[in-house]
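Here are my notes on the model, set out as numbered points. They take the domains and their interface before turning to the ligand site.

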Amino acid sequence: MTPILLLGAGRMGGALAQGWRDAGAFSAADLIIRDPHIDPAAFAGARINPPLEALGAAKTVLLAVKPQIWREAVKDVVPHLAPDAVIVSIAAGVRAADISEAFCGRRVARVMPTTAVSIGRGAASIHAEDPEALARAKALFAPVAAVAELASEDLMHAATAVSGSAPAYLYAFVEALEAAGAAQGLDAADSARLARATIIGAAALMEQSGEEPAELRKQVTSPGGTTAAALGVLMGEGGFGDLLPKALAACVKRSEELGG
Ligand SMILES: NC(=O)c1ccc[n+]([C@@H]2O[C@H](COP(=O)([O-])OP(=O)(O)OC[C@H]3O[C@@H](n4cnc5c(N)ncnc54)[C@H](OP(=O)(O)O)[C@@H]3O)[C@@H](O)[C@H]2O)c1
């Protein structure tokens, strides 16, 4: 399945290259990279922006440019690809049928990853109609992510909302927690240190214990206690139960719009 052509090596392309290297899955020597503004030092050992004729060697093409420019980015490349090259796209919202058409009917898989692939702790939602494309996408992402195979392409919008975009929700939560702690009188640096360590520890405990989040929540919530008072706000009217469905609906809508 190598060489892998990375079309776009920004945040996500770079995160993948780092994760693959650290996991021993693929090395820089397995990569051909096409990106007009790349930092060559970050991809030492890869073939960077070779002549277009060299792209015919690629067995797998990872489409990792912004959805808004994907058509422009693939135009010059397509005529030089091998007919049996398999396309794996991480472009949010862009439909497999449109990608396959732009790549002259080549097989396509879609993946929605998270940036923690850089540390081998990503999540990746995968869908492909073609079995070989599905296998290729799994081979790319299983070394660096927990993989979920989606039954239909339409579910990719929901997977984007619950996974691809969700790390930002957590970071926004931590920002707000830190600010609220400081507003309660904590030194800002103490509030940041406490908030971050608490969230990281709570997530690690959820992983290591294997307990349901609801169970873990109950374990730390005494009836009538301090945590219950806070959860009354967070889980009450206008709280998570109202906010997250709205947030995910906005994400799904935008994903559908980007798909055009
Ligand atoms: N970041 C995430 O958390 C995340 C999660 C899931 C999926 N995705 C998907 O991953 C894709 C890439 O996102 P990203 O965050 O990595 O974006 P990004 O950081 O902007 O990376 C895209 C890269 O492509 C380069 N590029 C621009 N025009 C190009 C061309 N014609 N040919 C080749 N490369 C070109 C960009 O260069 P310039 O910066 O110079 O324009 C940039 O380095 C998007 O489709 C997004 O939907 C991202």
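1. The protein is divided into domain 1, residues 4-155, and domain 2, residues 166-259, and it should be kept in mind throughout that this is a predicted model. The C-alpha centres of domain 1 and domain 2 lie 32 Å apart, and the contact between them draws on 9 residues from domain 1 and 6 residues from domain 2.

2. As for the extent of the interface, domain 1 and domain 2 bury about 510 Å² between them, with 49% of this area on carbon and sulfur atoms. On the domain 1 side, the residues that lose the most area to domain 2 are Q68, G93 and R121, which together account for 49% of what that side buries.

3. R121 deserves a second look, since it is among the residues of domain 1 that lose the most area to domain 2 and its side chain also meets that of E207 in a salt bridge, at 2.5 Å from N to O. Across the interface of domain 1 and domain 2 the rule finds 1 salt bridge, and the count of residue pairs in polar contact between the two domains, with both residues at pLDDT 80 or more, is likewise 1. The side of domain 1 that touches domain 2 is mixed in character, its residues dividing into 3 nonpolar, 3 polar and 3 charged.

4. Turning to the ligand, which residues are the closest to it? Of the 21 residues that surround the ligand, the closest are R11, M12, D35, H37 and V65.

5. The polar approaches to the ligand involve both backbone and side-chain atoms. A polar backbone atom of R11 is 2.9 Å from an oxygen atom of the ligand, while a backbone N or O atom of R34 lies 3.4 Å from a ligand nitrogen atom. From K66 it is a polar side-chain atom that lies 3.3 Å from an oxygen atom of the ligand. Taken alone, the ligand exposes 880 Å², of which the protein buries 77%.

Conventions:
Residues numbered from 1 in each chain as written. Predicted model: local features only at pLDDT ≥ 70, side-chain atom pairs only at ≥ 80, totals over all residues. Heavy atoms only, no water. Domains from an automatic or database assignment. Contact = heavy atoms within 4.5 Å. Buried area = accessible area lost by both parts, 1.4 Å probe. Salt bridge = Lys/Arg side-chain N within 4 Å of Asp/Glu carboxyl O. Polar contact = N/O pair within 3.5 Å; in protein donor to acceptor, adjacent residues only side chain to side chain. Nonpolar A, V, L, I, M, F, W, Y, C, P; charged D, E, K, R; others polar. Near = heavy atom within 4 Å. Areas by Shrake-Rupley, 256 points an atom, 1.4 Å probe, with all protein chains shown as cover.
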